[in-house]
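Please open the model in your viewer and keep the sequence panel beside it. The stops below say what to select next and what is to be found there.

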Amino acid sequence: MTTAETTATRAVVVERRVPHSLDKVWRALTQGPLLESWLMANDFQPVVGHRFTFRMPPMEGWNGVTDCEVLSVEPQRELAYTWNASGEEAATGIRTVVTWTLEPEAGGVLVRMEQSGFRPQDKRNEMGAKYGWERNLGQLEAVVARMS
Amino acid sequence: MHLAPDDVFKALADPTRRALLERLLREGELNVRALTEQSGVSQPAVSKHLGVLRQAGLVLERPEGRVVHYRVEPKGLAPLMDWMRFYAVFWEERMDRLENLLKRMDQ
């Protein structure tokens, strides 16, 4: 990734300290049925190059399908996959990468999720446009942004 | 995750409800009386609007004696946000579920 792209895109980072073993956390992240129980229905396999989807019920402005490809698998340390819009939304939708990092700590594991690659145009305001009040939505978003 | 964009957008199609929500976002928790003061509509009307916002998952209520306090439910706002804010809420909620799963799993 170039410097220009780095500055033009943004990431969501969520971290949790969990009082569990590395092995257990790794299984929750990589075994399909376990992954489904907390994240989404999937056909994931921890194999670099494996293409798979995460699926949830469609909603307004999103078909609910995420196209993924496994980028890296370092058992009990790191797992990364692409996280892209699917189908008709693929051309204009998000193209991001989700990276999981596990760090052993006293009494547990620091679980870190970084979803990177959000671009300024990755907006969902077309929903506001559909309902005819995108300007008001913008004001509300500004208030939400100040709050968070 | 609670996501019903149609309900959310219909609830916010009304300017009075939007103003109520914006006040709660700015000022935190308020009761019906405080919300009525600057709304320009009657207290029963404000209560009715708050009911619609609550149904859409946008506000939470906390009764205290005869007074009910209202505050914003941040998760309910997810459909209004851009993808980045959507996923910020999404991953927090999924991490909660991951923690619950880890508690249930065998060693």
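## Chain A as a whole

In this predicted model, begin by selecting chain A, where residues 24 or more positions apart account for 37% of the contacts with a separation of 6 or more. Colour chain A by secondary structure, and five helices and seven strands should appear; followed from the N terminus, these elements run α-β-α-α-β-β-β-β-β-β-α-α. If you then colour by burial, 22% of the 148 residues of chain A count as buried.

## A loop residue in chain A

Next, select residues 65-74 and 78-85 of chain A, which are strands S4 and S5, and look at the loop between them, where Gln76(A) is found. Gln76(A) is not a glycine, and yet its phi is positive, at about 65°. Is Gln76(A) buried or exposed? Because it has 16 C-beta neighbours inside 10 Å, Gln76(A) counts as partly exposed, the buried class requiring 20 or more.

## The sheet of chain B

Now move to chain B and select its three strands, which form an open sheet in the order S1-S3-S2 with antiparallel pairing. The edges of this sheet are S1 (30-31) and S2 (59-64) of chain B, each of which pairs on one side only. Zoom in on S2(B) together with S3(B), residues 67-72, and follow the six bridges over which these two strands pair in the antiparallel sense. One position worth labelling here is Leu60(B), which stands opposite Arg71(B) in S3(B).

## The helices of chain B

Add helix H2 of chain B, residues 15-27, which lies across S1, S2 and S3 of that chain and runs at about 85° to S3(B). Then add H4(B), residues 43-55, and turn the view until both helices can be followed. How do H2(B) and H4(B) cross? Their axes come within 10 Å and cross at roughly 80°, which means that H2(B) is roughly perpendicular to H4(B). To display the contact, show Thr16(B), Arg17(B), Leu20(B) and Leu21(B) from H2(B), together with Val46(B), His49(B), Leu50(B), Val52(B) and Leu53(B) from H4(B); the residues of this contact divide into six nonpolar, two polar and one charged.

For the last stop, select Gln55(B), which has its place in H4(B) and counts as partly exposed because it has 13 C-beta neighbours inside 10 Å. Draw a distance from the C-alpha atom of Gln55(B) to that of Val8(B): the two residues are 47 residues apart along the chain, and these atoms are separated by 9.0 Å.

Notes. Residues are numbered from 1 along each chain as its sequence is written. Chains are lettered from A and ligands numbered from 1 in the order in which they are written. This is a predicted model: local features need pLDDT of at least 70, side-chain atom pairs count only at pLDDT 80 or more; totals for chains, interfaces and linings use all residues. Two strands pair if DSSP finds at least two bridges between them. Helices (H or I, at least four residues) and strands (E, at least two) are DSSP runs, numbered from the N terminus. Two residues are in contact if their C-beta atoms, placed from the backbone, lie within 7 Å. Axes are lines fitted to C-alpha atoms, for helices over the stretch in contact, and angles run from 0 to 180 degrees between N-to-C directions. A residue is buried if 20 or more other C-beta atoms lie within 10 Å of its own, exposed if 12 or fewer, and partly exposed in between; C-beta atoms are placed from the backbone. Angles under 35 degrees count as roughly parallel, over 145 as roughly antiparallel, 65 to 115 as roughly perpendicular and the rest as oblique. Ala, Val, Leu, Ile, Met, Phe, Trp, Tyr, Cys and Pro count as nonpolar, Asp, Glu, Lys and Arg as charged, and the others, Gly among them, as polar.
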